[in-house]
Amino acid sequence: MFCCGLYGFLTRRNMIAMLVSLELMLNAVDMNFVIFNRFLFPGAMEGMMFTLFAIGIAAAETALAIAIIINIFRSVHNIDVRELNQMKF
Amino acid sequence: MSVTIPILILAIPLFMFIFLGLCGKKMSHLLAGTLGTLGMGTVLVLAYYTAFNYFFSGQACFINEAGERLQHVIFNTTWLQFTDSLVIKLGFLLDPISAMMLVVITTISFMVHLYSLGYMRDHHGVFEKGFQRFYAFLSLFSFSMLGLVVATNIFQMYIFWELVGASSYLLIGFYYTKPSAVSASKKAFIVTRFADLGFLIGILTLSYYTGTFNFTDLTSVPVEGLADTFRVDLSTPETVLAGISSGAAPIFMGASVLTWALVLIFVGGMGKSAMLPLHIWLPDAMEGPTPVSALIHAATMVVAGVYLVARLFPLYLMENSALVIVTVVGAITAFYAAVVACTQVDIKRVLAFSTISQIAFMMVSLGVARPEYHEGLGYMASMFHLFTHAMFKALLFLGAGALIHAIGSNDYTEMHGLRKYMPITHWTFLIGCLAIAGIIPFSGFFSKDEILSAAGNYSVWVYIWMSLVAFMTAFYMFRLYYLIFWWKEHTVREGHHAPHDQPWTMSVPLIILAAITCVAGFIPFGNLVSWNGEPYDFMAHFDWSIATVSLIVAVAAILLATVMYRKENKLPAKMKNAMPALWRWAFHRFYWDELYMFITHKIIFGCVCRPLAWFDRHIIDGTMDSFAIVTNKASNAIKPLQSGQVQMYVWLYLIGALLLGGITILCLI
Amino acid sequence: MFENILIYFVVIPLLMLAGLGLCRNIRQIRAVAVVGSLALIGLSVWLLVDYLALRAAGETAPMLYTGSWMWFRPLNIHLAVGVDGISIAMLLLSSVIVFAGSFASWKIPQPKEFFLWLILLSTGVFGFFISIDMFTMFMFYEVALIPMYLLIGVWGSGNKNYSAMKLTLMLMGGSAFLMLGLIGIYYHSAPAGEQLTWNLLEIVDNASIPHGWQSFLFPMTFVGFGVLGAMFPFHTWSPDGHASAPTAVSMLHAGVLMKLGGYGCFRVAIYTMPQAAHELAWIFLILTGISVVYGAFCACVKTDLKYINAYSSVSHCGLVLFAILMLNETAMTGAIMQMLSHGLMTALFFALIGMIYGRTHTREITQMGGMMQIMPYLSVCYVIAGMASLGLPGLSGFVAEMTIFVGSFQAGMQDYLAGAGSLRLVFTIIACCSIVITAVYILRVVGKLLFGRVYDEHHLKLTDAEWWERLSTVTLIVCVAGIGCFPNFFNNLINFTFTPEIFSVLGIK
Amino acid sequence: MESVGSIILYVVVAVSIVVFSVLAVTTRKILRAATYLLFTLFATAVVYFMLDFEFLGAVQIAVYAGGIVVLFVFAILLTSHPGDNSSRLTSKRRLLGLVGALAMLVVTGWTLLSRCALYASKPAMENPDMKQIGQTLMGTGDGQYLLPFEAISVLLLACIIGGVVVARKR
């Protein structure tokens, strides 16, 4: 799943698709945390807590990212990342 | 002797310079000129007083019981202290030659000041632009020259030597709107500066070994038995430095350090005295106003080199090879200048080359002087010739100035047959010519005769060579004389006044100088000036055979000139066509100027300066800039990485992560 | 703290800065600048008199008016001040040039900002000369450098951005070396286990820098200061920088700031690390010896007045460093005299060039001529400056150069006779040659620019100097002639610094 | 060894995660990608449930599946026109991406396999109850997370404000 997300992030040009890929990657990482928590340290809750926070932050991040995307879309009518490079340097 | 008068001798000209330089513009031309002349007149009186006091008062500080004249330092104040022993002092040294020079300089300078009052205005009596400046510079020059001759130490001499050079620069370039004058002044300064470099290094070497700059210390070294070791001044023990204690006298490139030092100092003298090959500035220096030429470039400054050698003569005696060099340089220069003088058309240039030739005479005379021959006759002869030459050459120059003033040109082809129009000039000029040719009652005869006699004592070949030069001297001077005053009748061009004699301010100096020229030969010069201060009666040594021979030589030369140039004829043209190559080379002064032009412009400027400047701008600066360029390029090269393409960043991140992961794995395996 | 007279050299400029902040029009600004710089001149003259009186009274400490106030304890940094004859000479020079510079920039655009930066710069300069704490010295050094960027970049002419950037970057590069050197010195400033110090006097007393370290730190410090002293091959900022800088900045930079280099080389590099100075001098002798003739040769073919002078500064400042490296009392005295002399005459040169440029709007000598007929006053001043530069007796250049040559020649001969090689001797003679080359380029300029025919008809309408320009140039000329005519006064002032004790500290002789 | 049912469930869930992820990144219609993402998220939630983290599973469904995907859908609807397919990817780009992803897979997979040999069985674990979670989240002691919690809340607040500011019509 992480690799899929990576692939998507690297190849897609639509910003929302990239965001989707990003979510995939996040999820993969979350899952990792949880699984390791479960298998290696049963009884501890660090992994879970971490995931919990990660989900929270992911939600925040997505919301913000989408806000930005919408804003960009409004101003340039395009969400193709290749063409959004005016803020370089 | 009181200090006041010597100080005044130096201070009045300096004050006049500052005063005229700062306030000159505010006063009228005539006032400035009169002030300058009066100032110089005062100095003249004071200098005469000082000199007569020195020679004839018989005070114990000037002359001892044995009748030897002594060096007397009147005052000496510290100006700059380098080390305990090396101190530049400014002072006033009286000895026979400085007293003699005081007389010469003040006389000529006063004549020139007076003469310029008439010369520096046009026929309607309107003063030239910058007249006040001219007098300021003249005063500066007089100050520097007086300071030079009374120097108590070699560094004071160097200081005034430089000042003399600078005032000469200013005076040659007086007509600063004329490009030729500007370049002539530049040339004069740079050539003499180059020579001064030698002088400076010579001074440094000499002072390092002797630990003193003082003439009195330098020349008081015992003279006997100094074939090859360089004695240091034993009066200051700490000057016996490590080099001396190491045993043998230090040898540098095959010659002793003393030789080097003396030759280098002589190079300085060569520059100022326009010896070959550093003579090229003097003919060009004739671009200056003619009184300046008379004062600086004939009578006073150019003999500074001779004076320098004479001043250090006891040191030169210690080193035979240095004196031989002086002789050889002098002899070659004398001959060269005489040949060139035979072909020039500009009357001032003829006089300039004749000056070079005559100064070379003095140099030869110093070079051949040895205590064992007639008790150093050459030294006395040289100084005597310096004295007489200053007078008659100033006379000739001022006469030439009168001609130029009347005609408005330097070229004798526009003169011809002026004897009827300008009688005073004619007669005084003739006296000058007779004197320089060496005809009997005139001063030049005596001094030149003694030089030849000294040369004859030293070596027959030098004698014959110098007699040849004397022959040519008489020839070209009378060539000049005839071409100006005879040759053919003067034609007054339309719209011009007929040339006429000059106002009294110009005539009086001519007449005075002519009078001095007539009688100066009878001054018992040997009693006053000799190499070691002992009086020397030259009449006792007078060699009538040499005198007769030189007289015959001179008369023959004059006769030849009379035949060729008395009346307009074809003989000179024939001679010229008979040996065209020689004539052309001589006319172009043997292409020395071109050679120097080539060296300075092509070699120094073209092959050193320009490449260096290019090197600086492109290599050195290029390297520095290339640091900046490389930094810039590097940042430009990595700038695209910040492309704004998020995916590119991720790629880079991924690659990095993969690499790290890969490395970790490899390490773990 | 405020009972020490030296502090006022920094306080007055700071007060001037405050005063400028309150100014409302150009009249007030000028008043502040003139009053302030007059106060500085007065202060330095008073200091000179007092110093001489103290010395005459038998004071033999190497530095007088010392004072030290801690301002950063962890690194033991003090605000330590103290002066000897050399510093006083430099302070005098700086105050005179600041004074002349204020008059030379009488009609500068945006005067308030300009003078703010200019005075900040001079704060740095004065601070540098009074400090004996290396860190404080370095700090003031940087304070003096930075305003240069703005002064050139904003008020300059020509390719000013490039020049300002180049100058600042190269000098900053130099100070990077310098900082490395200074920190290195600091960490060896005291024997192991004792309190480290930045104070130069204490460092010299401790003499605890190990030999190996010296041979690393000496080049660092020397190059660091040498960049500012326009040592070949680090001189290239100077022509561009001077060419673009406004008049007063050129004056101050060439006149004072370049002296910081020479002063620093002497005060820090040679003073604290004499052994290394003795051993490694040959490298820098070659470099500075090259600077001397190289700068002069380059000046011979340049056609821009400021470039000519900048190269001539390279040549003359090269002579300063050259003489310092001779490690000979006379030569070092000469070096200080040369600093004074070069400071004054080069400031005069730049002032005149600025005034001529302000009228003709060109600095190409090929496009000017016959200035003597148009602006006689400025031309005469130019001739005087030129004569000073080529070493005419009676003006300062001669005295300084002769002192250097005599000293260097002695050092060279001593080396040669002691069998220690002829490098010093040969380079002394090479350096002597510069007097001829200097004459060539000076006379070339004088001949082309001032004499001859008027090149451009429009120039005939130009006016001669205004009163403030006259004041500025006269001040400098009087100083130049003063040093030239009475050199022994300055010689004695400087010379006392080189008492035998100091030389025994230097480990020479 | 666990029950066959759970193994089957795990396989189904795992396969669906992989398949839906692949689909999510390869489909050319953006809305479908969002849908596939939704399925992936659900499957992830199932994994959490299987691992006895019910709370986490619930949060996953609520926040991710419920909140984020809805956001996505809104964003997609706002920014793209229906039927607007993204252009075909060039094969080179795709290949590069694939290589990168596979390389990552190899590295991570290898690390996982070599380092953490799969545990045959799940260790027994008490299902963390709500009280415990609440205390961990709100406690200030060791291993308790009040500070991060507060930080998150501030972050969320900032995020809300930021989102409003950014997305606000000028």
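**View 1. How confident is the predictor about chain D?** In this predicted model, chain D has an average pLDDT of 75, and 77% of its residues score at least 70. Confidence varies from element to element: among the elements of chain D, helix H2 (residues 30-50) of chain D has the highest mean pLDDT, 83, while helix H5 (residues 130-138) of chain D has the lowest, 72. Keep in mind that where pLDDT is low, the predicted coordinates should not be read in detail. For the model, the scores are ipTM 0.75 and pTM 0.82.

**View 2. Two helices of chain B pack against each other.** Here you can find helix H11 (residues 290-299) of chain B and helix H16 (residues 377-407) of chain B, whose axes lie 9 Å apart and make an angle of about 160°. Because of that angle, H11(B) is roughly antiparallel to H16(B). The crossing of H11(B) past H16(B) is right-handed. On the H11(B) side, the residues that meet H16(B) include B:Thr290, B:Pro291 and B:Ala294; among their partners in H16(B) are B:Lys393, B:Phe397 and B:Ile404. Sorted by class, this contact of H11(B) with H16(B) has 10 nonpolar, three polar and one charged residues.

**View 3. A serine in a loop of chain C.** Look for C:Ser157 in the loop between helix H5 (134-155) and helix H6 (160-187) of chain C. Is C:Ser157 buried, exposed or partly exposed? C:Ser157 counts as partly exposed because 17 other C-beta atoms lie within 10 Å. Measuring from C-alpha to C-alpha, C:Ser157 and C:Ile86 are 34 Å apart in space, and in sequence they are 71 residues apart.

Technical notes. Residues numbered from 1 in each chain as written. Chains lettered and ligands numbered in written order. Predicted model: local features only at pLDDT ≥ 70, side-chain atom pairs only at ≥ 80, totals over all residues. pLDDT = per-residue confidence, 0-100. Helix = DSSP H or I, 4+ residues; strand = E, 2+ residues; numbered from the N terminus. Axes fitted to C-alpha atoms, helices over the stretch in contact; angles between N-to-C directions. Parallel < 35°, antiparallel > 145°, perpendicular 65-115°, else oblique. Left-handed = near helix turned anticlockwise from the far one by under 90°. Contact = placed C-beta atoms within 7 Å. Nonpolar A, V, L, I, M, F, W, Y, C, P; charged D, E, K, R; others polar. Buried ≥ 20, exposed ≤ 12 C-beta atoms within 10 Å, placed from the backbone.
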